[in-house]
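Me: I have a structure to get through today and would like to go over it in pieces. Can you take my questions as they come?

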Amino acid sequence: MNLLLAEDDAILADALCEQMRASGFTVEHAPNGAVAQYLLAKQQFDVVVLDLGLPMVSGIDVLRQLRQTDASLPVLILTALDSLEDRVAGLNAGADDYLTKPFDFPELEARLRALLRRSRALKASTELGQLSMQRETRSAQVRGEMLELSPREFDLLDLLLTHQGRVITKEQINQAWSGDRAAPSASDGAATNAVEVYIHRLRRKLEGAQVAIRTVRGLGYLLELERA
Ligand code: CA
């Protein structure tokens, strides 16, 4: 697990680096925001611990810039005990979690492991068989070939993939669609039939993906690997 620690307090940074390495993390340390940005551009990390009060470039600016290119890299921010505003700003800028100083190392480690578990689960949920999907760009591919999907088809695929191996109901599908940005097209038909129509269309588009949308009678649908 590659971790970036951006922290300008040398004593705290040294102690954290030592403890994290002892816990099995590979750690890079950035003593200011500029170095943090440089390392983020140059290397792959699994998780970032980001102090907000950093010299050169503030933690908030590091985070804002990171989020323009990477929406999913988990970031835990460190803030001073009394600065609620910083914490809110950090979360608004795209932090996944925060800890207020001073904190205990076991708590930091537990939070980091929780973030890593969540991000791994999310990654796993966007691939199955020869099918892959990217939420950031709302795109999906079968064997590397881009699928042409309407907004509703994408939402349906997202739901199926996220819950792969588990049944999703027509009601869940309709709920996912109710948040759609695109207005339903004339071909959507009545809600109940629409689900079946879209499932049918998606099945055809997923041919060759080695996945199957199985109908579970009376319950709904589930996405699974095609049985040989
Ligand atoms: Ca600081």
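Reply: What follows goes through domains, charged pairs, a metal site and two single residues.

Me: Before that, what kind of model is this?

Reply: This is a predicted model.

Me: OK. How is the chain divided?

Reply: The division gives domain 1, residues 2-122, and domain 2, residues 125-225. Their C-alpha centres lie 35 Å apart. Four residues from domain 1 and four residues from domain 2 take part in the contact.

Me: What area is buried between domain 1 and domain 2?

Reply: About 270 Å², with carbon and sulfur atoms giving 36% of that area. On the domain 1 side, Ala71, Ala121 and Leu122 supply 87% of what domain 1 buries against domain 2, more than any other three residues.

Me: And how many salt bridges go across that interface?

Reply: Zero salt bridges are found across the interface of domain 1 and domain 2. The count of residue pairs in polar contact between the two domains, both at pLDDT 80 or more, is zero as well.

Me: How many salt bridges does the structure hold, then?

Reply: The structure holds 13 salt bridges.

Me: Remind me why such pairs form at all?

Reply: Side chains of opposite charge can pair when their charged atoms come close.

Me: Give me one. What does Arg67 pair with?

Reply: Arg67 forms a salt bridge with Asp96, and the closest N and O atoms are 3.1 Å apart. Arg67 sits in helix H3 (residues 59-69), while Asp96 is in the loop between helix H4 (84-92) and strand E5 (97-101), so the pair ties together parts that are 29 residues apart in sequence.

Me: Is Arg67 buried or exposed?

Reply: Arg67 is buried, because its relative accessible area is 18% and the cut-off for buried is under 20%. Asp96, at 31% relative accessibility, counts as partly exposed.

Me: What else is Arg67 in contact with?

Reply: Leaving aside neighbours within four places in sequence, the contacts of Arg67 are Ser72, Leu73, Val75, Ala93, Gly94 and Asp96. For Gly94 there is a distance too: its backbone oxygen lies 2.9 Å from a polar atom of the Arg67 side chain.

Me: Next pair. Where are Arg111 and Glu107?

Reply: Both are in helix H5 (residues 105-124), four residues apart, so about one helical turn separates them. Their side chains meet in a salt bridge at 2.9 Å, N to O. Arg111 is partly exposed, with a relative accessible area of 24%, and Glu107 is partly exposed at 36%.

Me: Which residue forms a salt bridge with Asp158?

Reply: Arg135 does, with the closest N and O atoms 3.1 Å apart. This pair links distant parts of the chain: Asp158 is in helix H6 (residues 151-162), and Arg135 is in the loop between strand E7 (131-134) and strand E8 (139-142), 23 residues apart. Asp158 is buried at 15% relative accessible area, whereas Arg135 is partly exposed at 28%.

Me: New topic, the metal. What coordinates the calcium ion?

Reply: The calcium ion is coordinated by Asp8 (OD), Asp51 (OD) and Gly53 (O), at 2.2 to 2.3 Å. The spacing of these donor residues in sequence is D-x42-D-x1-G.

Me: Are Asp51 and Gly53 buried or partly exposed?

Reply: One of each. Asp51 counts as buried at 5% relative accessibility, and Gly53 counts as partly exposed at 48%.

Me: Which network of salt bridges is Asp51 linked in?

Reply: One that links Asp51 with Glu7 and Lys101. So Asp51 turns up in two places here: among the donors of the calcium ion, and in that network of salt bridges.

Me: Last one, Trp177. Where is its place?

Reply: Trp177 is in helix H7 (residues 170-178). At 4% relative accessibility, Trp177 counts as buried.

Me: What does Trp177 touch?

Reply: Not counting residues up to four places away in sequence, Trp177 touches Arg152, Asp155, Leu156, Ala194, Val195 and Tyr198.

Me: How far is Trp177 from Arg152?

Reply: In sequence they are 25 residues apart, and in space 6.4 Å, C-alpha to C-alpha. The Trp177 side chain reaches the backbone oxygen of Arg152 at 3.0 Å.

Definitions and conventions. Residues are numbered from 1 along each chain as its sequence is written. This is a predicted model: local features need pLDDT of at least 70, side-chain atom pairs count only at pLDDT 80 or more; totals for chains, interfaces and linings use all residues. Side-chain values use heavy atoms; hydrogens and water are left out. A salt bridge is a side-chain nitrogen of Lys or Arg within 4 Å of a carboxyl oxygen of Asp or Glu. Helices (H or I, at least four residues) and strands (E, at least two) are DSSP runs, numbered from the N terminus. Buried means under 20% relative accessible area, exposed over 50%, partly exposed in between (1.4 Å probe, protein chains only). Donors are N, O and S atoms within 2.8 Å of the metal (3.2 Å for Na, K and Ca); water is not among the atoms, so sites may look incomplete. Domain bounds come from an automatic or database domain assignment. Contact means heavy atoms within 4.5 Å. Buried area is the accessible area (1.4 Å probe) that two parts lose on being put together, summed over both. A polar contact is a pair of N or O atoms within 3.5 Å; within protein, one must be able to donate a hydrogen and the other to accept it, and residues adjacent in sequence count only if both atoms are side-chain atoms.
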